[in-house]
Amino acid sequence: MQTLSDFKGNVISPGDHEFGRARLVYDRRADKRPAIILCCSDAEDVVLAINHARTAGLAIAVRGGGHGFTGRSTCDGGVLIDLSAMNDIVLDEVARTVTVGAGVLTGDVLRVTAPKGLAPVTCAGADIGVVGAAIFAGQGHLSPRFGNMCDNVIGFDIALPDGRLVHVSETDEPDLFWAVRGAGDNFGIVTSMTLAVHAVPSISRVCTIEYDTANALKILQRFRDHKWASPLPWVLGNIFLDPVTSETRLSYFFALTGTDGDGDHDLAVIEEFGPVAAKSIKEVDWLELHSELPFASDCRFHIAQRELPEFDDSTMSLVAEEVARFESFGRSIPWIEGLPGAMILFYPTDAAMGVAAVPANAYSVRGGYDIEALAMWREPSLDMNIVEWAGDVVDRFISAGKAGKPSVLANSFVDLALTKASFGGDFERLGQIKQRYDPANIFGSTAVIFEKRD
Ligand SMILES: Cc1cc2nc3c(=O)[nH]c(=O)nc-3n(C[C@H](O)[C@H](O)[C@H](O)COP(=O)(O)OP(=O)(O)OC[C@H]3O[C@@H](n4cnc5c(N)ncnc54)[C@H](O)[C@@H]3O)c2cc1C
């Protein structure tokens, strides 16, 4: 067996000057100190890193873009396998696919594909790991038309716990292919992934329309019922507090990607939905579009999410209640880097978007809308308040009987109960596949699909 002396990438130990930064992930609450950080340069390095951890009896954490919500892409005292240097990108314009290394971020891949008028379905944020998102779900501007990132995967290369490197697709290791698209960090380390790409316009209009909230329910209903003339956009609703007036705002963020005429028509209708407090409409290219939802840096981050299977009027009334009661909590969380510290996001998912047939895979949160209470902050003293508030927002939908499945991707706290609720009837099948590929459970992952683990 090869040893770590064959490792080609960077090795960072606690005494090294880079260690302080290299150990960090996006959510600064995950303040952990690995025993060693192995920055892999290719798939062989990944195998060496896995073998090293197993031989030394150390826990493994795997980090792609570092934007996971659960703090599992770092660890205390174990081996942090960092994939950020594995950033090859190969666009095949004829086959309409792009193959990315495990460290590629949204912005990296769009920088290559967008100038050719092509893009895979990606997250809306430029800094998110492409593989890290696709192995759970991954949603963004193209999702209403082409589904989630996991639905657009054509194949993976995966380093398994036993040191084998396998190709995984509909025809190769099909069970694993099904499982990795939804419960992806449980079975091995994805070293590269191939995704479908779609035609995208060179210029889009990115729009944010902010409304006064006196008639929030009407605005919510009108947006839900709007028939878009433009190609179906990904419409992100947001409840937050205006920093100047301290009044609650209801805003909608979306990109218009069709003709000017269709976009003008949509805007004219939408601006009549309620009293507009502020708006921003600007032309951007496809890459710039993915920097339009900025997120704070060096911050703590928490999210609690639930699916809302029916976005019917009674569910909308609950959302409107959240608008009405947001102000007092909103005032207790400072803005950060020009961004609201706390917000409640809601957006349509597969069923509400009308996405056509999706391939069978383990991702299962596909009904209606998503509601997410999220916060970014720097003061540890706010931790408990924020966690309680986010949980409370979600609980109100659960106790009203309006909440569906939770997502293992979009919750900061993921335990066995949440995982079972998320995967439902597929949980058992996932456990069997786990038993086959990672019986020793060396990938203790976000979605806890091994009952014996907890
Ligand atoms: C600010 C912010 C904005 C976001 N915006 C969006 C959005 O617009 N749309 C959306 O769908 N999601 C969004 N997300 C969620 C994001 O898609 C997920 O958290 C995703 O898992 C992050 O992937 P990553 O590689 O950046 O993170 P990491 O923390 O590196 O990885 C996340 C998980 O995947 C595992 N993992 C990563 N790479 C691999 C690999 N190659 N093989 C096996 N396991 C691996 C890690 O171990 C960890 O458990 C956002 C998150 C944040 C913090």
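**Exercise 1.** Which residues does aspartate 27 touch, not counting residues up to four places away in sequence?

*Solution.* Keep in mind that this is a predicted model. Start by placing the residue: aspartate 27 sits in the loop between α1 (19-22) and β2 (36-39). Next, pull the contacts, skipping anything up to four places away in sequence: you get Phe69, Cys299, Arg300 and Phe301. Finally, check the accessibility. Aspartate 27 comes out at 5%, and buried means under 20%, so this residue counts as buried.

**Exercise 2.** Work out whether serine 73 is buried or exposed, and list what is around it.

*Solution.* First, the location: serine 73 belongs to the loop between β3 (60-63) and β4 (79-82). Second, its relative accessible area is 13%. With the cut-off for buried at under 20%, serine 73 is buried. Third, the contacts: leaving aside neighbours within four places in sequence, serine 73 meets Val25, Ala61, Val62, Arg63, Gly66 and Leu80.

**Exercise 3.** Trace the seven-stranded open sheet and find which strands stand at the edges.

*Solution.* Read off the order: β15-β12-β14-β13-β17-β18-β16, with antiparallel pairing. Now look at the two ends. β15 (276-284) and β16 (300-308) each have a single partner strand, so each has one side without a neighbour in the sheet. For the twist, neighbouring strands are turned by 15° against each other on average, ignoring direction.

Then zoom in on one pair. β17 (residues 342-348) and β18 (residues 369-377) run antiparallel and are joined over seven bridges. For a concrete example, take phenylalanine 346: its bridge partner in β18 is isoleucine 371.

**Exercise 4.** Find which strands helices α8 and α12 pack on.

*Solution.* Take α8 (residues 260-270) to begin with: this helix lies across β12 (204-211), β14 (248-256) and β15, at about 5° to β12. Moving on, α12 (residues 383-399) packs on the sheet by touching β16, β17 and β18, and its direction makes about 5° with that of β16.

**Exercise 5.** Describe how α10 and α12 meet.

*Solution.* Geometry goes first. The axes of α10 (residues 313-332) and α12 come within 10 Å and cross at roughly 160°. Angles over 145 degrees count as roughly antiparallel, so that label fits α10 and α12. As for handedness, the crossing is right-handed.

Now the residues. On the α10 side the contact includes Leu318, Val319, Phe326 and Phe329; on the α12 side, Ile386, Trp389, Val393 and Phe397 are among them. Sort the whole contact by class and you end up with eight nonpolar, two polar and five charged residues.

Technical notes. Residues are numbered from 1 along each chain as its sequence is written. This is a predicted model: local features need pLDDT of at least 70, side-chain atom pairs count only at pLDDT 80 or more; totals for chains, interfaces and linings use all residues. Side-chain values use heavy atoms; hydrogens and water are left out. Helices (H or I, at least four residues) and strands (E, at least two) are DSSP runs, numbered from the N terminus. Buried means under 20% relative accessible area, exposed over 50%, partly exposed in between (1.4 Å probe, protein chains only). Contact means heavy atoms within 4.5 Å. Two strands pair if DSSP finds at least two bridges between them. Axes are lines fitted to C-alpha atoms, for helices over the stretch in contact, and angles run from 0 to 180 degrees between N-to-C directions. Angles under 35 degrees count as roughly parallel, over 145 as roughly antiparallel, 65 to 115 as roughly perpendicular and the rest as oblique. A crossing is left-handed if the near helix is turned anticlockwise from the far one by less than a right angle, and right-handed if clockwise. Ala, Val, Leu, Ile, Met, Phe, Trp, Tyr, Cys and Pro count as nonpolar, Asp, Glu, Lys and Arg as charged, and the others, Gly among them, as polar.
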